[in-house]
Amino acid sequence: MRPADLTPLARDVMKLPASAGLVFFSILGAYLLAVLPWSGTWLLARPDFVLLVVVFWALHEPRSIGQGVAFAAGLLMDVTDSMLLGQHAFAYVVATFVVQIFRVRILTFGLGEQTLHMLGVTLTASLVMLMLNLLLGADFPGIAYFFSPVLTAALWAPANWLLYSPAVRRRRGGAPQ
Amino acid sequence: MIREPPAFFHRGPSPLARVTFFTLAAIALMIADHRFHALETVRLSLSVLAHPLEQLAAAPGAMMGRVADYFASQDRLLRENRELKVKVLEQSTEAQEARLLKSEESHLLGMTQAKYASNGVIAEVLYTARNPFTRKIVVDKGLTNSIQAGMPAIDGTGVVGQVTSVGTFTSEVTLVTEKDQSVPVMIVRNGLRAIAVGSGKDGSIDIPFMPVSADVQNGDMFVTSGIDGTYPPGLIVAEVTSVQKNAAYVFAKISAKPAAGVDYHRYVMLLPLPLPSAAPPESKADESPRKGGRERTRARRQGP
């Protein structure tokens, strides 16, 4: 049976698990991008790289990466962004939950439609954080705040090319065609 | 009798159970952090972990800056040097006068004990805090340089803000433009006391609760009054840019522009907190110094 005969979901299930190193270093790389000295409007519109990578692995490696990793990554982001401890964690956990619920559905689509699904996920995470901060008395930071989830979703396809292909290549190289 | 089917694949709790658990954990964390400030040690230890990574991310930019510094033109350096020399000459007379005034003042007030333990610490601004909801900067001095929460931060022209959170190697300075960040001030021209409160917008400070009849004009300079025991008196805070007096309201609407380059400085000076033994002079006790803003009470709680 050739990989092309399988449904997208079956192809995702049949592939070999991604190596722990790839998962770890992809999250680390996303974190390094996030802690670049962003400021002003750039900061508002900064894509949430860590959320993107965590959600990617929650979609493709559901057995190893889930809400626990999302929670831990969120705490790290709270500390580095000097926000109230727990709000990134909250948003990441909710986003991961949405991905876990819709996982089978998302995987049946191509990258374009997946990007639209991701837009919903990233908007959910951003809205959670916005609501929390508004509840705590902050002012609305400006419309550029909503560029961030849009940019994050737009990075879905590049993230796939970067992260998914190494995992697939392992399968092609290792298994007889 | 109904028996559960055997589990072929161990999957653990359902996603819904997990999300409920983690949501409750996150909410508990937020309450603990917001209400009780109970998690400073957690934050501190996580920030120690994150510090090398942040430095790694900042390394390319810092290297570029160093290369640019190295190739700075001779001409520009010479010009800067000349300007600075002129400035030093101009300020030296003022400094001598100030020294004389200070000694007279100390005689008059009978201040036999030193009010401050040490001089200020100069800190380099590393970056703007990556939090779009607040106005903070991160500087490169922390617990290792005996920085305390509550220390005022100034630059060459005025008050920048106040240290609100101290890490091991870095600390956060909340700018005076941050919402609800308040500084007790007075007008230089007539000694009228007020509270300057950040508006949450860049480059603007509000002066709330001033009666319509108050003597405030455009261009008035606000300096710290020193009655709070945190900011030393006489530091320039802001200049009044607009005064709207409408008889329909009880208070005038006064906005001011911060004197310090709040958004674009590279070095700030962190001033020491007054020693606890140095009590404020008796005559000012009846003026009931207002403690405005959350940050101040927080800083006070963490103080010695």
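## A walk through chains A and B

In chain A, 68% of the contacts with a separation of 6 or more link residues 24 or more positions apart. Keep in mind throughout that this is a predicted model.

**Stop 1: chain A.** Select chain A and switch to a cartoon view. You will find 10 helices and 0 strands, so to speak an unbroken run of α along the sequence: α-α-α-α-α-α-α-α-α-α. Now colour by burial: of the 177 residues in chain A, 41% count as buried.

**Stop 2: the largest nonpolar core.** Next, select A:Val50, A:Val54, A:Val55, A:Tyr92, A:Val93, A:Val94 and A:Ala95. These are the residues with the most contacts inside the largest nonpolar core, which has 54 residues. Which elements each supply at least two residues of this core? On chain A, they are helix H2 (20-34), helix H4 (49-60), helix H5 (67-80), H6 and helix H8 (111-135), and they are joined by H1 of chain B. Highlight H4(A) in its own colour, since you may like to see the helix that gives the most to this core, with 11 residues.

**Stop 3: A:Val93.** Centre the view on A:Val93 and hide its neighbours within four places in sequence. Its remaining contacts in chain A are A:Gln67, A:Ala70, A:Phe71 and A:Gly74. Across in chain B, A:Val93 is in contact with B:Val19, B:Phe22, B:Thr23 and B:Ala26.

**Stop 4: a helix pair across the chains.** Show helix H6 (residues 87-101) of chain A with helix H1 (residues 15-36) of chain B. Their axes lie 9 Å apart and the helices pack at an angle of about 170 degrees, which means that H6(A) is roughly antiparallel to H1(B). To see the contact from the H6(A) side, pick A:Gln87, A:Ala89, A:Phe90, A:Val93, A:Val94, A:Phe97, A:Gln100 and A:Ile101. From H1(B), add B:Pro15, B:Val19, B:Phe22, B:Thr23, B:Ala26 and B:Met30. Colour this contact by class and you get 11 nonpolar, 3 polar and no charged residues.

**Stop 5: the whole side of chain B that touches chain A.** Zoom out and select the residues in contact between the chains: 34 from chain B and 36 from chain A. Where does the chain B side come from? H1, helix H2 (40-70) and strand E1 (121-128) of chain B each supply at least two of its residues. H2(B) gives the most, with 11 residues. By class, this side of chain B has 18 nonpolar, 8 polar and 8 charged residues.

Terms used. Residues are numbered from 1 along each chain as its sequence is written. Chains are lettered from A and ligands numbered from 1 in the order in which they are written. This is a predicted model: local features need pLDDT of at least 70, side-chain atom pairs count only at pLDDT 80 or more; totals for chains, interfaces and linings use all residues. Axes are lines fitted to C-alpha atoms, for helices over the stretch in contact, and angles run from 0 to 180 degrees between N-to-C directions. Helices (H or I, at least four residues) and strands (E, at least two) are DSSP runs, numbered from the N terminus. Angles under 35 degrees count as roughly parallel, over 145 as roughly antiparallel, 65 to 115 as roughly perpendicular and the rest as oblique. Two residues are in contact if their C-beta atoms, placed from the backbone, lie within 7 Å. Ala, Val, Leu, Ile, Met, Phe, Trp, Tyr, Cys and Pro count as nonpolar, Asp, Glu, Lys and Arg as charged, and the others, Gly among them, as polar. A nonpolar core is a set of buried Ala, Val, Leu, Ile, Met, Phe, Trp, Tyr and Cys residues joined through C-beta atoms within 7 Å. A residue is buried if 20 or more other C-beta atoms lie within 10 Å of its own, exposed if 12 or fewer, and partly exposed in between; C-beta atoms are placed from the backbone.
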